[in-house]
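Visitor: I'd like a close look at one part of this model: the sheet and the helices that pack on it. Could you walk me through it slowly, with the cut-offs spelled out?

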Amino acid sequence: MKKLLLMLLLATPALAVAQTQNITSLYKSYSDRKGVTTIMMGPEMLGSSLRAGKPLESSMFIISAERSLSFGADDLRKLREQAAKMVSAPGYKVIMDVKDDDEIVRIYARDGASKDELRDVTIIISEADEVTVIGISGKIPADMVGRLSSVADQDD
């Protein structure tokens with residue numbers, strides 16, 4: 001039992017690193033796919049676009065795909081499953097859930113080091129023929145989440 005507990009304690013930092021790299025890995029796996037739009041924003045651009053006034057200690061990755069000849073229904077299903085698996089990692093919680101007809105928007109986040117900070121914010125926008133995953137890897141001030149939801153809503 002002590003060995004198992006020790007192994008779990010030793011593995012915890014590695015699991016935390018793997019979780020924060022999930023959006024990066026997902027982004028990399030879809031960035032060269034035909035029929036998929038991907039965007040990466042570094043800390044300076046992200047801070048500027050969210051009107052933070054300074055660079056944030058995080059980067060944003062956007063993956064958006066519509067069903068088409070080059071990206072089929074099975075591809076959309078797989079992207080949905082991968083995004084759902086990413087936010088099922090320990091510590092993630094739903095902080096916003098919107099359902100409008102066939103569109104579902106969910107914002108997930110993990111608590112940061114303080115009550116005013118979130119880590120690894122993920123927005124999943126799912127429609128019948130389209131999926132968009134927006135992920136911020138790193139630290140983000142909690143008051144920026146409202147601005148994130150407006151970024152997610154600009155697609156209309």
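Visitor: Which strands does helix 2 (residues 22-30) lie across?

Guide: Happy to. This is a predicted model, in which local features need pLDDT of at least 70 and side-chain atom pairs count only at pLDDT 80 or more, while totals for chains, interfaces and linings use all residues. Residues are numbered from 1 along each chain as its sequence is written, and side-chain values use heavy atoms, leaving out hydrogens and water.

Helix 2 lies across strand 1, strand 2 (58-66) and strand 6 (130-141), and runs at about 40 degrees to strand 2. Helices (H or I, at least four residues) and strands (E, at least two) are DSSP runs, numbered from the N terminus. The angles run from 0 to 180 degrees between N-to-C directions, with axes fitted to C-alpha atoms, for helices over the stretch in contact. Helix 4 (residues 73-87) also packs on the sheet: helix 4 touches strand 2, strand 4, strand 5 and strand 6, and its direction makes about 25 degrees with that of strand 6. Contact here means heavy atoms within 4.5 Å.

Now the sheet itself. It is open, with 6 strands in the order 1-2-6-5-4-3 and antiparallel pairing; two strands pair if DSSP finds at least two bridges between them. Strand 1 (36-41) and strand 3 (93-100) stand at the edges with a single partner strand each, so one side of each has no neighbour in the sheet. From one strand to the next, the twist averages 10 degrees. For context, the protein chain has 5 helices and 6 strands, running α-α-β-α-β-α-β-β-β-β-α from the N terminus on.

Back to the helices, and what lies under them. The largest nonpolar core has 20 residues, and those with the most contacts inside it are Ile23, Leu26, Tyr30, Ile63, Leu79 and Val133. Such a core is a set of buried Ala, Val, Leu, Ile, Met, Phe, Trp, Tyr and Cys residues joined through side-chain atoms within 4.5 Å. Buried means under 20% relative accessible area, exposed means over 50%, and partly exposed is in between (1.4 Å probe, protein chains only). Helix 2, strand 2, helix 4 and strand 6 each supply at least two residues of this core, and helix 4 gives the largest share, 5 residues. Leu26 is a good residue to click on: not counting residues up to four places away in sequence, Leu26 touches Ile63, Leu79, Gln82, Met86 and Val133. Apart from this core lies another, of 15 residues, among them Leu46, Ala109, Leu118 and Ile134.

Strand 2 also has a polar spot worth a visit. Ser64 lies in strand 2 and counts as buried at 18% relative accessibility. Its side chain makes a polar contact with the side chain of Thr132 at 3.0 Å. A polar contact is a pair of N or O atoms within 3.5 Å; within protein, one must be able to donate a hydrogen and the other to accept it, and residues adjacent in sequence count only if both atoms are side-chain atoms.

Next, move along to strand 4. Strand 4 (residues 103-111) and strand 5 (residues 117-127) pair in the antiparallel sense over 7 bridges, with Arg110 opposite Arg119 in strand 5. Arg110 also forms a salt bridge with Asp120, with the closest N and O atoms 2.4 Å apart. A salt bridge is a side-chain nitrogen of Lys or Arg within 4 Å of a carboxyl oxygen of Asp or Glu, and the model has 6 of them by this rule. Both partners are buried, Asp120 with a relative accessible area of 3% and Arg110 with one of 12%.

On the other side, strand 3 and strand 4 pair in the antiparallel sense over 7 bridges. They form a hairpin with 2 residues between them, where Asp101 in the turn has a positive phi of about 55 degrees. Asp97 stands opposite Arg106 in strand 4, and the two side chains meet in a salt bridge (3.2 Å, N to O). Here Arg106 is partly exposed at 24%, as is Asp97 at 41%. Lys93 and Asp111 form a salt bridge as well, their closest N and O atoms being 3.0 Å apart, and this pair joins strand 3 to strand 4 across 18 residues. Lys93 is partly exposed, with a relative accessible area of 38%.
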